[in-house]
Amino acid sequence: HAGVAAGPALHERIGRAMGLARNSLDEYARFKGGLLLHNVYHCESTGSFIHTSRGGISMASVTLQGNAMNTNGDLPAVGSAAPDFSLTNGDLQDVRLADFGGRKRLLNIVPSLDTPTCAISTRKFNEYADEHSDTVVLIVSADLPFAQGRFCTGESLSNVVPLSMMRSRAFARDYGVLRTDGPLAGIAARAVVDIDAGGTVLYTQLVPEIADEPDYEAALVALA
């Protein structure tokens with residue numbers, strides 16, 4: 001996008017409109033109608049995410065009920081090798097990406113299954129997995145495995161595999177979804193990552209508003 005310089009006064013006015021603290025004004029700016037302010041932007045027409053650079057590190061931003069918060073980086077690029085991970089399953093065993101090899105993998109990354117939107121997306125993807133044996137759906141959250149298990153049992157969701165970040169946030173860091181500020185700092189933003197049987201990233205979405213559901217159609221078309 002084309003951009004112009006923005007002075008401190010303009011930054012302050014934008015910051016007040018966005019509900020940002022004064023000491024955050026130089027960290028945030030907004031893109032609208034072709035205007036790029038500082039090094040953070042949000043394209044209103046497409047719903048693209050705010051991107052910024054702090055100390056040379058690329059970040060992305062999502063909103064929670066309209067309030068902006070940053071993640072630690074960007075999702076893996078489509079066409080790249082999916083980062084390996086170590087997550088904890090319901091038996092308290094650590095599992096890796098390769099443990100689900102031989103099938104396509106859909107990673108439904110959610111903040112917590114104890115929220116309505118996370119529960120809805122898990123049910124939706126469970127339905128898909130029931131009809132597509134060539135795909136395994138992994139539900140990744142910060143919940144303890146016990147809580148994940150109770151949820152899946154209570155909802156009769158037998159076609160998804162819940163995995164917990166209880167022992168480490170390395171997964172969230174490596175996939176660029178670790179929230180670094182705001183009231184939900186330390187857990188994952190909402191995202192979907194499709195990976196083929198060979199470990200290549202097919203599709204990604206960082207959901208712009210945490211309270212919103214992911215784009216199911218786009219995620220499932222990419223797996224076809």
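**Exercise 1. Find which residue in β8 is the bridge partner of Val 137, then work out how β7 and β8 run.**

In β8, Val 137 has Val 160 as its bridge partner. Keep in mind that you're looking at a predicted model. Now zoom out from that one bridge to the strands. Strand β8 covers residues 160-164, and five bridges join β7 to β8. The two strands run parallel. To see how the chain gets across, follow β7 into helix α3 (residues 145-154) and on to β8: together they make a right-handed β-α-β unit.

**Exercise 2. Do the matching job for β6: how many bridges pair it with β7, and in which sense?**

Start with strand β6, residues 104-109: β6 and β7 pair over six bridges, in the parallel sense. For a landmark, look for Leu 107, which stands opposite Leu 138 in β7. Next, trace the chain from β6 through helix α2 (residues 116-131) to β7; this β-α-β crossover is right-handed.

**Exercise 3. Decide whether the faces of β7 are covered or open.**

First, a handy rule: side chains in a regular strand alternate between the two faces of the sheet. Now sort the residues of β7 by side. Thr 135, Val 137, Ile 139 and Ser 141 sit on one side, with Val 136, Leu 138 and Val 140 on the other. Then check burial, where the cut-off is under 20% relative accessible area. Every one of these residues is buried, so both faces are covered. The count agrees: seven of the seven residues in β7 (135-141) are buried.

**Exercise 4. Work out which kind of aromatic pair Phe 85 and Phe 171 form, and what the pair ties together.**

A search of the whole structure turns up three aromatic pairs. For this one, the ring centres are 5.6 Å apart and the planes stand at 80°. Planes over 60 degrees apart count as edge-to-face, so that's what this pair is. Next, place the partners: Phe 85 is in the loop between β3 (67-70) and β4 (86-88), while Phe 171 belongs to helix α4 (residues 170-174), so the pair ties together parts 86 residues apart in sequence. Both Phe 85 and Phe 171 are buried.

Phe 171 also pairs with Tyr 175, at 4.5 Å centre to centre and with 25° between the planes, and that pair is stacked. Tyr 175 is buried too. Put the pieces together and ring pairs link Phe 85, Phe 171 and Tyr 175 into a cluster.

**Exercise 5. Find which ring the charged end of Lys 124 sits over.**

Look for Tyr 216: the charged end of Lys 124 sits over its ring, 5.6 Å from the centre.

Notes
Residues are numbered from 1 along each chain as its sequence is written. This is a predicted model: local features need pLDDT of at least 70, side-chain atom pairs count only at pLDDT 80 or more; totals for chains, interfaces and linings use all residues. Side-chain values use heavy atoms; hydrogens and water are left out. Rings of Phe, Tyr and Trp (its six-membered ring) pair if their centres lie within 6.5 Å; planes under 30 degrees apart count as stacked, over 60 as edge-to-face and the rest as tilted. Helices (H or I, at least four residues) and strands (E, at least two) are DSSP runs, numbered from the N terminus. Buried means under 20% relative accessible area, exposed over 50%, partly exposed in between (1.4 Å probe, protein chains only). A charge sits over a ring if NZ of Lys or CZ of Arg is within 6 Å of the ring centre and within 35 degrees of the ring normal. Two strands pair if DSSP finds at least two bridges between them. A crossover is right-handed if, with the strands pointing away from the viewer, the path from the first strand over the helix to the second runs clockwise.
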